[in-house]
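I opened a fresh page for this chain. My plan was to look at cores first, then the sheet, then one helix.

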Amino acid sequence: MNRRSFLTRTALLATGIAAAATGAFALSPSRNRYYQGPPGPNFDGTRFFNPGGSPPKGFADLLKWQTGGGRAKWPESVGIRQSIPAPRVDDLIITMVGHATLLIQVAGLNILTDPVWSDRASPFSFAGPRRATAPGIRFEALPRIDAVLLTHNHYDHLDLATLARLKAAYDPLVITPLGNDTIVHEAVPDMRITTGNWGHTVPLGPATVHFEPCHHWSARGTRDRSMALWSAFLIDTPAGRIFHIGDTGFDQGRPYRDLPKKHGKIRAAILPVGAYEPRWFMRDQHQDPAEAVEGFLLSGADHAIGHHWGTFQLTNEGREAPPRELSAALQAKGIGPDRFRALGPGEWWAIPR
């Protein structure tokens, strides 16, 4: 095999892995395998969509990105100090496990977001994005988990192996947008799951979980793009309101601007700040740190945590770029670093009142 042929095949393999891991292209079957329901404001009868928003890029753009260079080199491994959380918390403490996995301890509840303890964010055990850090909490050190908020089905957010472990250990309630229950039940048939569309609510002990719109998409492979819904969550608790987004494009601020009027004061927002380069490819679906700061301001939240960085290398930017750019964006807006922190794995924050 000559050098050009080898490089071409390597590029195509990398592109295929990226496509499988992130659902960045899709064929067009006419039947939705995850969800059947009538058309609505964000569902055309086969696929979900972002009303007035932008669809994800196609395969040609994916190939252009994967073969275009510009990818920063990440360290193979980064040492962290793992946390041991309290069994329960009356007020509000949030601990970063890694990427989009956080432990929210609030008003006596223990909630995990998009739990991933697996070594790779990929459909393959031998390839795909691998952890650069260990989880910030050992699985065995978790407190009893009451609920899981599952935002969408990309492999860096929906990890079936971890959900099976959580079912066996704690039997938590999974709260997730429409269609994702089918994916989970195929692997964990007896998992307790409640689904909802944007605007729906779910009671959770002393709290209420609201499904809120965000601008993203979904896929587990090449034939199921946007057949399961994606969502943000607003958790209304006796200790304050928490707004969590797993992934979103800024979308002219639409995921944020209605929150103050609809829900009132938000104590903590948990917002993605990573996986944003190159901007020409990622802009519509992944906000950058400056956009996260704009969203924070529009939401009216008192404090914010930046996540979705530093664990899996999914895109081109360097590992330390998101917190560095977040710091610059906060300084440009005159916002103190005590209000918006990009937590690394194992770090926790007792959110001020």
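Which residues of the largest nonpolar core touch the most other members? I noted first that the model is predicted. I then found Phe243, Ile245, Leu271, Val293, Phe296 and Phe340 at the top of a core of 30 residues. I checked which elements feed this core. β9 (232-237), β11 (268-272), α7 (289-299), α8 (321-332) and β13 (340-342) each give at least two residues. I also found a second core, separate from this one, with 27 residues. Phe211, Ala239, Ala268 and Trp349 are among its members. In general, nonpolar side chains of soluble globular proteins tend to be buried together.

**Val293.** I picked this core residue and left out its neighbours within four places in sequence. Val293 then contacts Leu326, Ala329, Leu330, Lys333, Ile335 and Phe340.

**Helix α7.** I listed its buried residues: Pro289, Glu291, Ala292, Val293, Gly295, Phe296 and Ser299. Glu291 and Ser299 are on that list alongside Val293 and Phe296. What do the buried residues of α7 pack against? I found α5 (259-263), β11, α6 (279-282), β12 (303-307), α8 and β13. I then looked at both ends of the helix. At its start, a side-chain oxygen of Asp288 comes within 3.2 Å of the backbone nitrogen of Ala290. Just past the end of α7, Gly300 has a positive phi of about 75 degrees.

**The sheet.** I traced an open sheet of seven strands. Its order is β6-β5-β4-β3-β2-β1-β14, and the pairing is mixed. Which strands lie at the edges? I found β6 (192-196) and β14 (348-350), each paired on one side only. From one strand to the next, the twist averages 20 degrees.

I looked at one pair within the sheet. β2 (residues 101-106) and β3 (residues 109-113) run antiparallel and are joined by five bridges. Leu102 sits opposite Thr113 of β3. I also checked for a helix on the sheet. Helix α4 (residues 180-187) packs there and touches β5 (173-177) and β6. The direction of α4 makes about 165 degrees with that of β6.

**Annotation.** I looked up the record last. The unreviewed UniProt entry annotates residues 110-309 as "domain: Metallo-beta-lactamase". How much of residues 110-309 is helix, and how much strand? I read 20% helix and 24% strand. The end C-alpha atoms of this stretch are 23 Å apart.

Methods: Residues numbered from 1 in each chain as written. Predicted model: local features only at pLDDT ≥ 70, side-chain atom pairs only at ≥ 80, totals over all residues. Heavy atoms only, no water. Core = buried A, V, L, I, M, F, W, Y, C linked by side-chain atoms within 4.5 Å. Buried < 20%, exposed > 50% of the residue type's maximum accessible area, 1.4 Å probe, protein only. Helix = DSSP H or I, 4+ residues; strand = E, 2+ residues; numbered from the N terminus. Contact = heavy atoms within 4.5 Å. Pairing = 2+ DSSP bridges. Axes fitted to C-alpha atoms, helices over the stretch in contact; angles between N-to-C directions. Polar contact = N/O pair within 3.5 Å; in protein donor to acceptor, adjacent residues only side chain to side chain. UniProt positions renumbered as here; feature names shortened; annotations may be inferred.
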